[in-house]
Amino acid sequence: MFGRLRGMFKASEATGIMKQAFKSLGMPVLPFDPDALSLKLVASSYQAKPDMFDGKHGKPPHPRATAAVSLAAGLTYEDYGYSDTARQCVCLALGNVLLEASANMARYGFSVLDIRLLRLAEAAYLEHAEKNEARTSAIVGGFGL
């Protein structure tokens with residue numbers, strides 16, 4: 001029971017980190033509701049691996065690692081009205097979370113599980129950025145730039 005409560009608390013913290021990452025983009029209006037999307041993505045991650053996020057077999061992931069892996073899942077999230085623009089916002093927010101986690105690794109004391117989740121999120125970020133760079137180059141290349 002305590003593992004479940006601890007997991008829910010950490011999930012709530014992860015949602016807050018994601019909302020802050022969206023806010024830090026400085027966009028007056030996002031193409032989605034950041035509160036709702038943060039909740040959906042964290043809940044989806046939690047449902048995929050409840051034992052891991054509850055800490056049933058050890059310490060649950062750090063909220064920053066949970067936020068990062070949930071945002072990474074958002075790069076492939078499919079929902080009505082979820083556009084490429086929304087996906088780009090998620091990618092930028094993920095980049096912010098990864099940068100902040102990297103800059104403060106010693107302070108957070110990430111576990112082996114946290115590092116694994118952060119690396120998975122980083123790989124998803126780099127893959128998404130690479131795909132979009134090719135698409136942008138194809139568009140801009142037509143203008144002789």
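**Entry 1: cysteines**

I began with Cys89 in this predicted model. The closest cysteine sulfur to that of Cys89 sits in Cys91, 9.9 Å away, which is too far for a bond. I then turned the search round and started from Cys91. Its closest cysteine sulfur is in Cys89, again at 9.9 Å, so no bond can be drawn from this end. A disulfide needs the two sulfur atoms within 2.5 Å. My count for the structure is therefore zero disulfides.

Are these two cysteines buried or exposed? Cys89 has 4% relative accessibility and counts as buried. Cys91 is at 7%, and I put it down as buried too.

**Entry 2: helix α5**

Both cysteines are on my list of buried residues in α5. That list also holds Ala86, Arg87, Val90, Ala93, Leu94, Gly95, Val97, Leu98 and Ala101. The helix covers residues 84-103.

I checked the length of α5. It has 20 residues, and at 1.5 Å a residue these should span 28 Å. The C-alpha atoms at its ends are 28 Å apart, so the expected span and the model agree.

Arg87 caught my eye among the buried residues. Which residue does Arg87 form a salt bridge with? The partner is Asp84, and the closest N and O atoms are 3.3 Å apart. The two are three residues apart in α5, so about one helical turn separates them. Arg87 is buried at 11% relative accessibility. Asp84 is partly exposed, at 43%.

**Entry 3: the other salt bridges**

I searched the whole structure and found four salt bridges. Besides the Arg87 pair, I looked up two others.

One joins Asp35 and Lys19, with 3.9 Å between the closest N and O atoms. Asp35 belongs to helix α2 and Lys19 to helix α1, so this bridge ties together parts 16 residues apart in sequence. I noted Asp35 as partly exposed, at 39% relative accessibility. Lys19 is partly exposed as well, at 33%.

Another joins Glu127 and Lys131, whose closest N and O atoms are 3.4 Å apart. Both lie in helix α7, residues 112-141. They are four residues apart there, so the separation is about one helical turn. Glu127 is partly exposed at 46%. Lys131, at 55%, counts as exposed.

**Entry 4: aromatic pairs**

I counted three aromatic pairs in the structure. I looked closely at Phe22 and Phe32. The centres of their rings are 5.1 Å apart. How are the two rings set against each other? Their planes meet at 70°, so the pair is edge-to-face; the cut-off for that class is over 60 degrees.

Phe22 is in helix α1 (residues 2-23), while Phe32 is in the loop between α1 and α2 (34-48). The pair therefore ties together parts ten residues apart in sequence. Phe22 and Phe32 are both buried.

**Entry 5: the nonpolar core**

Next I asked which residues touch the most other members of the largest nonpolar core. That core has 37 residues. The answer is Phe22, Phe32, Leu37, Leu71, Val90 and Leu94. So the aromatic pair from my last entry came up again.

Five helices give two or more residues each: α1, α2, α4 (63-74), α5 and α7. Helix α5 gives the most, with nine residues.

I followed up Val90, one of the buried residues of α5. Setting aside neighbours within four places in sequence, Val90 is in contact with Phe22, Phe32, Leu37 and Leu71. Its other contacts are Gly74, Leu75 and Tyr82.

**Entry 6: two buried hydroxyl residues**

Last, I looked up Ser38 and Thr66. Ser38 is in helix α2. Its relative accessibility is 0%, so I class Ser38 as buried. What does Ser38 contact, leaving aside neighbours within four places in sequence? The residues are Thr15, Met18, Lys19 and Phe22. Two of these were already in my notes: Lys19 from the bridge to Asp35, and Phe22 from the pair with Phe32.

Thr66 lies in helix α4. At 3% relative accessibility, Thr66 is buried. Not counting residues up to four places away in sequence, Thr66 touches Ala14, Phe53 and Pro61.

Technical notes
Residues numbered from 1 in each chain as written. Predicted model: local features only at pLDDT ≥ 70, side-chain atom pairs only at ≥ 80, totals over all residues. Heavy atoms only, no water. Phe/Tyr/Trp six-rings, centres within 6.5 Å; stacked < 30°, edge-to-face > 60°. Buried < 20%, exposed > 50% of the residue type's maximum accessible area, 1.4 Å probe, protein only. Salt bridge = Lys/Arg side-chain N within 4 Å of Asp/Glu carboxyl O. Contact = heavy atoms within 4.5 Å. Core = buried A, V, L, I, M, F, W, Y, C linked by side-chain atoms within 4.5 Å. Expected span 1.5 Å × (residues − 1).
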